[in-house]
Amino acid sequence: MEKILPFLPDRPSKPRTTGLTMVMDKGLSLREAEDFMSVGSEYTDFVKLGFGTSLITPGFGEKLKIYKKAGCIPYFGGTLFEAFIIRNMFKEFVDFIDKHEITLVEISDGSYEMSQETKLECIRIISRRGTVISEVGSKKKDIVYSPGEWVTMMKSELEAGSVKVIAEARESGTVGIYNDDGSVNLLLIQEISENVGLENVIWEAPLKSQQAWFIKHFGANVNLGNIAPNEIIPLESLRLGLRGDTFFQFLPDNLKA
Amino acid sequence: MEKILPFLPDRPSKPRTTGLTMVMDKGLSLREAEDFMSVGSEYTDFVKLGFGTSLITPGFGEKLKIYKKAGCIPYFGGTLFEAFIIRNMFKEFVDFIDKHEITLVEISDGSYEMSQETKLECIRIISRRGTVISEVGSKKKDIVYSPGEWVTMMKSELEAGSVKVIAEARESGTVGIYNDDGSVNLLLIQEISENVGLENVIWEAPLKSQQAWFIKHFGANVNLGNIAPNEIIPLESLRLGLRGDTFFQFLPDNLKA
Amino acid sequence: MEKILPFLPDRPSKPRTTGLTMVMDKGLSLREAEDFMSVGSEYTDFVKLGFGTSLITPGFGEKLKIYKKAGCIPYFGGTLFEAFIIRNMFKEFVDFIDKHEITLVEISDGSYEMSQETKLECIRIISRRGTVISEVGSKKKDIVYSPGEWVTMMKSELEAGSVKVIAEARESGTVGIYNDDGSVNLLLIQEISENVGLENVIWEAPLKSQQAWFIKHFGANVNLGNIAPNEIIPLESLRLGLRGDTFFQFLPDNLKA
């Protein structure tokens, strides 16, 4: 990166705990994963192998190595965890992540509504052996939690051992923290940010309008997730004020006038 | 594929006659076609070189070989057939497919409204020399067939020699069997499935919501088409119940409870 | 390209001054840029490295060489120019383009509303050292120019030295010459085409419906911009009447009947 322009916001270097970007890989080939890393590794912290794709993507073991070698942390989408749990296969899940030397685990209940106590217990157990992030929010449109319920769940999961909580939006960006049309649920997001702590939350934000909104409201180093691999450079441009949507965001007042 | 989870639906292995997936290639480079095959060949049956792209994509002859070598069957989008026919160049079309050793031919009338008799005659002639699939439904919003007309056309074309009929939706998924907003035309689809036979139809389903709908209603092995190359792994995940939308679809009742 | 079908519209060969296609690269890797060129170089005239992505894309200097070697002209998105100008760094901008041997420069005011006189002065200065294209139209929804204002600005900029003017639409295709839903602003486009001259304008048209509209109204050789790299072959198919939307466009009347 050419440090040629002043007034760009500071971005922490890796490994970082804020300003995180989680990218979703839905089935890239090995060469596509290399391509993604060749431009995006510096800007990407976590790579989620989306939902159950790991079980059916040829060469996914090699792909894990590509991501690790490039300095990114790969992990399995929470739906894979849930697919094991609903089959009463917690032990097999742990064997599976151990076999693939996975150090980051997402624990979610977006598809399978386990009890909160079961989820917390899973977080406690897994967090003793590695890093846990947990996801809050249902993938279903007809299950709506109140802002207070979101906050309570998130705080409980952080206490149980999650290092970050993820606010659900799906790949489409139309459930959870967003309305049907992809616009943000402002009240909900304010409640979460004030009560859970901005540094503790990764907001799923697959749409550019959502990414721009979070950067404008919470700054360049808001944690964002469910970014498409080919949107990593556009997102970093947004974070730095190098795109129309956030062009004025980080400039001193005398330049804006 | 790691066969680690029970209760995944059975998928027939290739070559198969149900559970088919047709992917649309709109102009991939040779290396991109290799990438697609490296993860998707097991899950892809047919690769359509969309509309007239074959005539203008550099190296498309090499690309045909890549697909064949990987065990997939490439063919030309029906619009290419129609572009020859409207110019009264049926013989040149046959020469063109022979020259490129194409064994699967799509015969359609989505852009050029030929008479049904002309279409059936084309199906009869071409099916004597290779495999024919034919597409029913107009690409134009102002041409609407009744469910009965769809059924009659499809049955006639199967009798004339088509091995499958394709239900038109375009790349956008907003015409034919879908409404303007991409939602399914339920009555039409029921009429077709009951009267034409589910195994005989390939449903164009470019949008994830459409793919999920067909899998939920007709099972893992419904034939689907117009899938984008980078959606082949996500689609296979949907077929297997490894994604939120179809998560409960194939589980025994005692696990769902 | 196999010249097998008659009645395809003529397309000028490169370098051309009409029928131009400008593609937007938002952060391709080197290998992806090679892939894009391997199928698209013949159909692509200009490659815009979108907004400020040039400053943060690893290996972008090498990428410039890939595009030049393949016979395409790379340039930096206008937002990069504006990011320098708002910081009072015009000289540094010139140094930056000189360092990277950039021969085509986009001058725009879509994010930073400089005075028209400042913009014209920039066009005059830069056009003495290379080729300038300038963009008209704000990226913001709440800034709306009258058709007369569009025409006046475009004519002034052409007089000041721009070889083409670009009509703004953003990557989303929902501002400037388009309405919120992506449909065209017919009156505005007619005013521009009649008074500025069709050959002088590059219309940003990221959506297929927009591309088809321009080709149907202004012919195969209308200048179009903000095309995604993987849409270059589909767009060329539209230009040639090899896709449903423009299937009848270039056929003689006796074949249409």
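The exchange below concerns the salt bridges and one chain contact of this predicted model.

Biologist: How many salt bridges are there between chain A and chain C?

Modeller: In this predicted model, the contact draws 28 residues from chain A and 31 residues from chain C, and the two chains bury about 2700 Å² between them, 62% of it on carbon and sulfur atoms. One of the charged pairs joins C:R31 to A:D35, with the closest N and O atoms 3.0 Å apart. The count between chain A and chain C is 4 salt bridges.

Biologist: How far apart in sequence are the parts that A:E113 and A:K140 tie together?

Modeller: The salt bridge between A:E113 and A:K140 has its closest N and O atoms 2.6 Å apart. A:E113 lies in the loop between β4 (104-107) and α5 (116-127) of chain A, while A:K140 lies in the loop between β5 (131-136) and α6 (147-160) of chain A, so the pair ties together parts whose separation in sequence is 27 residues.

Biologist: Are C:E231 and B:K26 buried or exposed?

Modeller: The side chains of C:E231 and B:K26 meet in a salt bridge at 2.5 Å, N to O. This pair crosses between chains, from the loop between β8 (224-227) and α9 (232-239) of chain C to the loop between β1 (21-25) and α1 (30-40) of chain B. With buried meaning under 20% relative accessible area, both C:E231 and B:K26 are buried.

Biologist: Which helix of chain C holds C:K208?

Modeller: C:K208 meets C:D245 in a salt bridge of 3.2 Å, N to O. The pair links distant parts of the chain, 37 residues apart, with C:D245 in the loop between α9 and α10 (253-256) and C:K208 in helix α8.

Terms used:
Residues are numbered from 1 along each chain as its sequence is written. Chains are lettered from A and ligands numbered from 1 in the order in which they are written. This is a predicted model: local features need pLDDT of at least 70, side-chain atom pairs count only at pLDDT 80 or more; totals for chains, interfaces and linings use all residues. Side-chain values use heavy atoms; hydrogens and water are left out. Contact means heavy atoms within 4.5 Å. Buried area is the accessible area (1.4 Å probe) that two parts lose on being put together, summed over both. Helices (H or I, at least four residues) and strands (E, at least two) are DSSP runs, numbered from the N terminus. Buried means under 20% relative accessible area, exposed over 50%, partly exposed in between (1.4 Å probe, protein chains only).
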